[in-house]
Amino acid sequence: MNTQSYIQENKQRFLDELFDILRIASISADPAYKSEVLKCADEVARHLKTAGADNVEILETKGYPIVFGEKIIDNGLPTVLVYGHYDVQPADPLELWTSDPFEPVVKVTELHPEGAIFARGSADDKGQFFMHVKAFEAMMKTDLLPCNVKFLIEGEEEVGSASLADFLEENKVKLSCDVILISDTHIYSNEQPTVTTGLRGLSYVEVEVEGPNRDLHSGLYGGAVPNPINVLSKMIGDLIDDKGHITIDGFYDNVLIVSDEDRKEMNKLKDDPEAYKKSIALNDIQGEEGYTTLERASIRPTLDVNGIWGGYTGEGAKTVIASKAFAKISMRLVPNQTPEEITEKFTKYFEKIAPKSVKVKVTPHHGGMPYVLESDTKEFLAAKKAMEKAFGKEVLPYRSGGSIPITSLFEKVLGAKSVLMGFGLDSDAIHSPNEHYGLYNYYKGIESIPYFFEFYSK
C-alpha cells in the first residue's frame, strides 16, 4: 500500500482522533485551564508515539511544556523540523458560538459544502499540526518516509511563545535541522491554493490614561475636568488620518517598499472587494489610500485597537467620570521595521499628543519580527510542487498579514528557513466564536505533506 492509499483508508479515524484533541480546552492564557493544557501535551505525545516517532518527550519550560519527537532514518538525509502548537485561544464570548467550542461538530457551510469542523483550535492550530502527525503516520506505516523528521509542538504560542527562545538556545543540537515546516497559516482559497511567503511582524502595547485621583460624579465635575475615556478615544482617533495613514512620527521610515512588479504579481490573486465585504458582512471597506485590499492586509504596516475599557460597564446606569482609561493596541510590521523601533516611536508619539491634563503610560507586551521566504528557494518550490500535486491546481506565492514571531527566531537560532504551508482559509474565524476548519482542507493537508517530504528530499 502506498502513502496516499493509507490516508484514504484511514480518513474517518484521522478525524475522530482530531476530535479527541479538540475536546481538550488547552487555553494557555487562562491559568484555570492549566490541567487541560498539560493533558493536551500528554495526548500529543501519545499520538506521536503511536504514529512511530522515537524519543518522544514532554520537555519542561518556564511555562507550559514542549512536546518533542523524532525519527532519524539516515544521518546523511535532510531533516525536516515540524512546528505547531497545542494551546488555543479562549472561547469567549461563549454566547456567540452556535455549538459548544470544545465539542467539535461538522457543519456544512457555503464555503465548505463537504463540511467544516466547528471547534476552538480546529484551524489554529490543532487541526493543522495534527495533519503532520497523521501524514507522518501514513509515511511510517507504508515504510515511505524519505528523510528524517523532528516534531516541536509547543503550548504557549497563543501567549507569545514566551519560553521558546530559551528552549531553542538550550536545545540547538536536539533541534538541528535543514528546514522547518509550519502549518499555522491559510491559503487564499480552495480554488486558488497558495504557499505563504511573507508574514508581518508585531508590536503590541497597552496604554493607560489617568486623570483625576478617583472616579468623579459626572454631574458635579462634568465639563470642568478631563475625562480619561474621552481623552483616550481622541488620542486613538488621532493615530490614523483620513487617508488611512498612521501619524506616528517616523513610523514609515524603514518600511520596505515593494516593487511595482512584485505588486502586480501578488495581485494575480484577484482581489475581489465585493466577495471580501460579503464574507465579513460589511457594507464597505477602508484602509490606506493607494493600495488594494490584498496589499493593505499583507505588505503595509497597520495599527489597530484590540480592546478599550474604563469607567462603568455593568448593568444599568452609573454617572461617573472614570479616573483611568485603558486600551490594548497592536501594530503589524513589514520588513525592515522592528518591534523595538516601533514600540519606542509609538511611546514617544503617544506621550507627545497627550494633553497636559492627563498622565499616560505605555506598557510594551510581546512583539515579533516580519518574515519573508523568497519564492525561488528550494524550500518554497518543494511546497509549491507538493500542493500542486495534491490540489491538482497551480499554486501561487502569497504574503499573509498575520504574524508568527518564531519564524525569524528559528532562522536566527537554528539557521533554517521556515516553510509556511498552511491549509486554512481566512474565513475560518480563528480567535473568534465559531472557529472552523474545512474537512477538504484538513485532508488536503494530510495528502500534501508526504509530497513535500518527497520533493524536498530530492
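**Exercise 1. Decide whether Asp143 is buried or exposed, and describe its backbone.**

*Solution.* Start with the cut-offs: buried means under 20% relative accessible area, exposed over 50%, and partly exposed in between, using a 1.4 Å probe on protein chains only. Asp143 has a relative accessible area of 70%, so it is exposed. Next, look at the backbone: Asp143 is not a glycine, yet its phi is positive, about 55°. Finally, place the residue: Asp143 sits in the loop between H4 and strand E6 (148-154). Helices (H or I, at least four residues) and strands (E, at least two) are DSSP runs, numbered from the N terminus.

A word on the model before we go on: it is predicted, so local features need pLDDT of at least 70 and side-chain atom pairs count only at pLDDT 80 or more, while totals for chains, interfaces and linings use all residues. Residues are numbered from 1 along each chain as its sequence is written, and side-chain values use heavy atoms, with hydrogens and water left out.

**Exercise 2. Find where Ala281 lies and what its phi is.**

*Solution.* Ala281 belongs to the loop between helix H9 (273-279) and helix H10 (293-296). Its phi is positive, about 55°, although Ala281 is not a glycine. With 71% relative accessibility, Ala281 counts as exposed.

**Exercise 3. Check the length of helix H4 (residues 126-141) against its expected span.**

*Solution.* The expected span is 1.5 Å times one less than the number of residues. For the 16 residues of H4 this gives 22 Å, and the end C-alpha atoms are 22 Å apart, so the two agree. Now consider its surroundings: 14 of the 16 residues of H4 are buried, which leaves the helix mostly covered.

**Exercise 4. Locate the cis peptide bonds at Pro93 and Asp125.**

*Solution.* Take Pro93 to begin with: the bond from Asp92 to Pro93 is cis, with omega near -5°. Pro93 is in the loop between strand E3 (79-85) and strand E4 (105-107). Then turn to Asp125, joined to Asp124 by a cis peptide bond with omega about 5°. Asp125 is in the loop between strand E5 (116-118) and H4.

**Exercise 5. Explain why Cys147 is not in a disulfide.**

*Solution.* A disulfide is a pair of cysteine sulfur atoms within 2.5 Å. The closest cysteine sulfur to that of Cys147 is in Cys177, 11 Å away, which is too far for a bond. The structure as a whole holds zero disulfides. As for burial, Cys147 has a relative accessible area of 0% and is buried; Cys40 is buried too, at 0%.

**Exercise 6. Describe the largest nonpolar core and the contacts of Tyr442.**

*Solution.* A nonpolar core is a set of buried Ala, Val, Leu, Ile, Met, Phe, Trp, Tyr and Cys residues joined through side-chain atoms within 4.5 Å. The largest has 89 residues, and Tyr86, Leu152, Phe410, Tyr442, Phe452 and Phe453 touch the most other members. Helix H14 (residues 439-457) gives the most to this core, with 10 residues. Contact means heavy atoms within 4.5 Å. Leaving out residues up to four places away in sequence, the contacts of Tyr442 include Phe14, Gly127, Phe130, Met131 and Lys134. A second, separate core of 27 residues includes Val207, Leu232, Ile246 and Tyr349.
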